[in-house]
Amino acid sequence: MLMTDLSSAPMGRRRVLLAGSAAAAAIGIGAGTAATRPESAAAADTATGTRDTDAICTLTKELTEGPYYLDHALVRANVTEDKKGVPLELVLTVVDTATCAPLNKALVEIWYCDALGEYSGFVGNNGHQEPDNGTFLRGGVLTGTDGVAKLTGIYPGWYRGRCIHVHLKVHTGVTLTPDGSFTGGNEVHTGQLFFDEKITEAVARLSPYSTNTVPRTPLSADGIYGNGGTAAGLLAVTALGSTPSAGYRGTLTVGVDPDA
């Protein structure tokens, strides 16, 4: 049984539809991204130096979806929009846990809160008032033949009762739609991505994160992560520069059962 998210936000869902430029922002990484696309799941492991052969065959733990999901968000690699914060790159390799083979054309979807702990579509639940278009820090991309999905955004903020995290879904067999979204397919994984506490502490000292006065729950005290390591979504994080403001890259191999 999945654990209940500790937020008190409403549980409603609604479809996010965009017109115009949304379709043009569809698949692939945006220009200027520093990450280099690995040619295979094994190459990704070698590049980070943090994975071994057994790790990529581990079924990634299912974790609660939480109350902030919106159905069928945009298919796009850069989810930042106008949100300010420390740059974040995510390089996620999706593999079949039974065979270790990378999954091609799996849609990897993420959503998370901004530096003040607010989710698009639910702004105000963490006590801050700001513009809410229902789309910031939401999106997803299709994996390539190497199983890799690359997304860019900002380092997440936090809200009451939860450590810093990014929500994750993996879908197979989706159909892309003209409005820049997707439909159909099979949802094969729902989980969350987590960050080392030392990195979070460094980011939390920077603006605009430092203006978030809501008490921050550390990773060790989070009731959903539960000290589950990479199987529960703990990212291997590397710096993109010499200071925290330069940003970070988080990598993880996500093992799924495509027949689930």
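Trainee: In which loop is the place of Leu 137?

Mentor: In this predicted model, Leu 137 lies in the loop between β2 and β3, the latter covering residues 138-142. Its backbone deserves a look, since phi of Leu 137 is near 60 degrees, a positive value in a residue other than glycine.

Trainee: Is Leu 137 buried or exposed?

Mentor: Buried means under 20% relative accessible area, and because Leu 137 has 0% relative accessibility, Leu 137 counts as buried. You may set Lys 105 beside it, a residue other than glycine for which phi is likewise positive and near 60 degrees. Lys 105 is found in the loop between β1 (87-96) and β2 (107-111), and with a relative accessible area of 56% Lys 105 is exposed.

Trainee: Which two residues does a cis peptide bond join?

Mentor: The cis peptide bond joins Ser 207 and Pro 208, with omega at about 5 degrees, and Pro 208 has its place in the loop between α3 and β9.

Trainee: How should I read helix α3, and how many of its residues are buried?

Mentor: An α-helix has 3.6 residues a turn, so residues three or four places apart point the same way. In the case of α3, which runs over residues 197-204, 6 of the 8 residues are buried, so the helix is largely enclosed by the rest of the structure. The buried residues are Glu 197, Ile 199, Thr 200, Ala 202, Val 203 and Ala 204, and they pack against β9 (236-239) and β10 (248-256).

Trainee: Where is empty space left inside the protein, and which residues line the largest cavity?

Mentor: Rolling a probe the size of a water molecule over the atoms shows where empty space is left. Here the count comes to 2 cavities of 30 Å³ or more. The largest cavity, with a volume of about 40 Å³, is lined by Cys 163, Ile 164, Phe 195, Glu 197, Thr 200, Arg 216, Thr 217 and Leu 219, a lining that has 4 nonpolar, 2 polar and 2 charged residues. Glu 197 and Thr 200 are among the buried residues of α3. The second largest cavity has a volume of about 30 Å³, and its lining includes Tyr 68, Glu 118, Phe 122 and Tyr 159.

Trainee: Cys 163 is in that first lining, so how many disulfides does a search of the whole structure find?

Mentor: A disulfide is a covalent bond between the sulfur atoms of two cysteines. A search of the whole structure finds 0 disulfides. Cys 163 is buried at 2% relative accessibility, and Cys 113 is buried too, with a relative accessible area of 2%.

Trainee: With which residues is Gly 191 in contact, leaving aside its neighbours within four places in sequence?

Mentor: Gly 191 has its place in strand β8, which covers residues 186-194, and with a relative accessible area of 1% it is buried. Leaving those neighbours aside, Gly 191 is in contact with Lys 61, Leu 63, Val 166, His 167 and Leu 168. Of these, Lys 61 is 130 residues apart from Gly 191 in sequence, although the two are 6.8 Å apart in space, C-alpha to C-alpha.

Trainee: Over which residues does pLDDT stay under 50?

Mentor: Where pLDDT is low, the predicted coordinates should not be read in detail. The mean pLDDT of the protein chain is 82, and 78% of its residues reach 70 or more. Over residues 1-54, however, pLDDT stays under 50, and for this stretch the model has 113 contacts beyond four places in sequence.

Technical notes. Residues are numbered from 1 along each chain as its sequence is written. This is a predicted model: local features need pLDDT of at least 70, side-chain atom pairs count only at pLDDT 80 or more; totals for chains, interfaces and linings use all residues. Side-chain values use heavy atoms; hydrogens and water are left out. A disulfide is a pair of cysteine sulfur atoms within 2.5 Å. Buried means under 20% relative accessible area, exposed over 50%, partly exposed in between (1.4 Å probe, protein chains only). pLDDT is the predictor's confidence in each residue, from 0 to 100. Contact means heavy atoms within 4.5 Å. On a 1 Å grid over the protein atoms alone, a cavity is a set of points where a 1.4 Å probe fits but cannot get out, and a pocket is an open set with protein on both sides within 12 Å along at least five of seven lines; lining residues have an atom within 4 Å of a point. Grid points are joined across faces, edges and corners, and a volume is the space filled by probe spheres set on the points. Ala, Val, Leu, Ile, Met, Phe, Trp, Tyr, Cys and Pro count as nonpolar, Asp, Glu, Lys and Arg as charged, and the others, Gly among them, as polar. Helices (H or I, at least four residues) and strands (E, at least two) are DSSP runs, numbered from the N terminus.
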